[in-house]
Amino acid sequence: MSQTVRGVVARSKGAPVEVVPIVIPDPGPGEVVVAIAACGVCHTDLHYREGGINDEFPFLLGHEAAGVVESVGEGVDSVAVGDFVVLNWRAVCGQCRACKRGQPQYCFDTFNATQKMTLEDGTELTPALGIGAFADKTLVHAGQCTKVDPSADPAVVGLLGCGVMAGLGAAVNTGGVTRGQSVAVIGCGGVGDAAIMGARLAGAGTIIAVDRDDKKLEWATDLGATHTVNSTSVDAVEAIKELTNGFGADVVIEAVGRPETYKQAFYARDLAGTVVLVGVPTPDMTLEMPLIDFFSHGGSLKSSWYGDCLPERDFPTYVDLYQQGRLPLEKFVTERIGIEDVEKAFETMHRGEVLRSVVVL
């Protein structure tokens, strides 16, 4: 039997979101229904609303979520009814070329639920990142559910489902930050600050936060930055070099996704250093740089997609570190809101006033 619950839907490009009744089918083979406890408001959801991802409206928004498994479909044995889970959008297949070579974090054929959630009139919904968690309940593939410590605060640990994991992983997994290294992070929103926290966790010695907003630089300091640079008043590249004995940082993480900040990241790294692009560019952006500079600087240029994470490995680890007081994930929760406040949260996020608003259900 299907059930009707509340969900936040974007019906058309740029239109305000609405809280409307949505229909959740019973889980089929390999599927799970999860009762959502909390879901973060991520910039990706705003991209969906604005038509920046695709035009498959109407969208059921929300994807940074934690909740409790309510029912499971045939063949599901990875989770059971009552399990507390963090949702992810990288349900690995185990069969593609990346999985078979032992790199499932790069899986090329990730899973989503087969059945569709709908509006009451039968209109099929497109769930954001295959999840759609601004809702009382959602239908996902079982592989999108990662069991974690059930005593953890869902409003906090659910953020591992996207932005926080993207930043943490950019530092720890993609950037490979190690003890004593110098790290610079350009762009100190939620993802950039998570990268700073990851660099601190990995033991970096010098951690430089770069942004144009002093409030964001304060957040960055609270999460582990040892130095801050406001790029409205100084040259970011020169400031980073000055703070690293004139050499540049060992690892520079670009968390903005613009050509000009990528160039800053490139020239602010040490010779043979690493640049990690975790900020998401738009499809029309291009980059023009002298090829000789790529040749002469050496090192690594990497992009980081979801922090190169493997949810079943990384989520429980970071939840445990949070529970032990060693990873201050709670600092990312700026406010807790109701499901009817998502549109207002988009406005707050756009003004840069929060790290994360979290819908609590």
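This is a short talk through the sheets, one helix and a few single residues of the structure shown above.

Before the details, please keep in mind that this is a predicted model, in which local features need pLDDT of at least 70 and side-chain atom pairs count only at pLDDT 80 or more, while totals for chains, interfaces and linings use all residues. Residues are numbered from 1 along each chain as its sequence is written, and side-chain values use heavy atoms, with hydrogens and water left out.

Let me begin with the sheet of six strands, which is open, has the order β13-β12-β11-β14-β15-β16, and is paired in parallel. When I say helix or strand I mean a DSSP run, H or I of at least four residues for helices and E of at least two for strands, numbered from the N terminus, and two strands pair if DSSP finds at least two bridges between them. At the edges stand β13 (227–230) and β16 (300–303), each with a single partner strand, so one side of each is left without a neighbour in the sheet. From one strand to the next, the twist averages 15 degrees; for angles like this one, axes are lines fitted to C-alpha atoms, for helices over the stretch in contact, and the angle runs from 0 to 180 degrees between N-to-C directions.

Helix α8, residues 259–267, packs on this sheet and touches β11 (182–186), β14 (249–254), β15 (269–277) and β16, with a direction that makes about 150 degrees with that of β15. Contact here means heavy atoms within 4.5 Å.

Moving along the sheet, β12 (residues 206–211) pairs with β13 in the parallel sense over four bridges, and in that pair Val210 stands opposite Val229. β11 and β14 are likewise parallel, over four bridges, with Val183 standing opposite Val251 in β14. On the other pairing of β14, five bridges join it to β15, where the bridge partner of Val251 is Thr274. Five of the six residues of β14 are buried, and by buried I mean under 20% relative accessible area, with exposed being over 50% and partly exposed in between, using a 1.4 Å probe and protein chains only. Together, β14, α8 and β15 make a right-handed β-α-β unit, right-handed meaning that, with the strands pointing away from the viewer, the path from the first strand over the helix to the second runs clockwise.

How enclosed is helix α5? Of its 13 residues, 10 are buried, so α5 is largely enclosed by the rest of the structure. The buried residues, among them Asp193, Ile196 and Met197, pack against α4 (163–174), β11, β12, α6 (214–222) and β14. The length of α5 (residues 190–202) is also as expected: at 1.5 Å a residue it should span 18 Å, and its end C-alpha atoms are 18 Å apart, where the expected span is 1.5 Å times one less than the number of residues. Directly after α5 comes Gly203, whose phi is positive, near 95 degrees.

There is also an open sheet of five strands, in the order β7-β2-β1-β4-β8, and its pairing is mixed. Its edge strands are β7 (118–119) and β8 (126–127), each of which pairs on one side only. Strand β2, residues 18–24, runs antiparallel to β7 over two bridges, and Leu119 in β7 is the bridge partner of Ile22.

Now to single residues, starting with His63, in the loop between β4 (59–60) and β5 (64–72). His63 is buried, with a relative accessible area of 0%, and its side chain makes a polar contact of 3.1 Å with that of Asp45. A polar contact is a pair of N or O atoms within 3.5 Å; within protein, one must be able to donate a hydrogen and the other to accept it, and residues adjacent in sequence count only if both atoms are side-chain atoms. Beyond its neighbours within four places in sequence, His63 is in contact with residues including Cys39, Trp89 and Cys162.

Asp235, by comparison, is partly exposed, at 46% relative accessible area, and its side chain reaches the backbone nitrogen of Glu238 at 2.8 Å.

Finally, some backbone geometry. Most residues other than glycine have a negative phi, and most peptide bonds are trans. Asn245 has a positive phi, near 60 degrees, and is exposed at 68%, while Ala272, in strand β15, has phi near 65 degrees and is exposed at 58%. The peptide bond from Phe57 to Pro58 is cis, with omega near -5 degrees.
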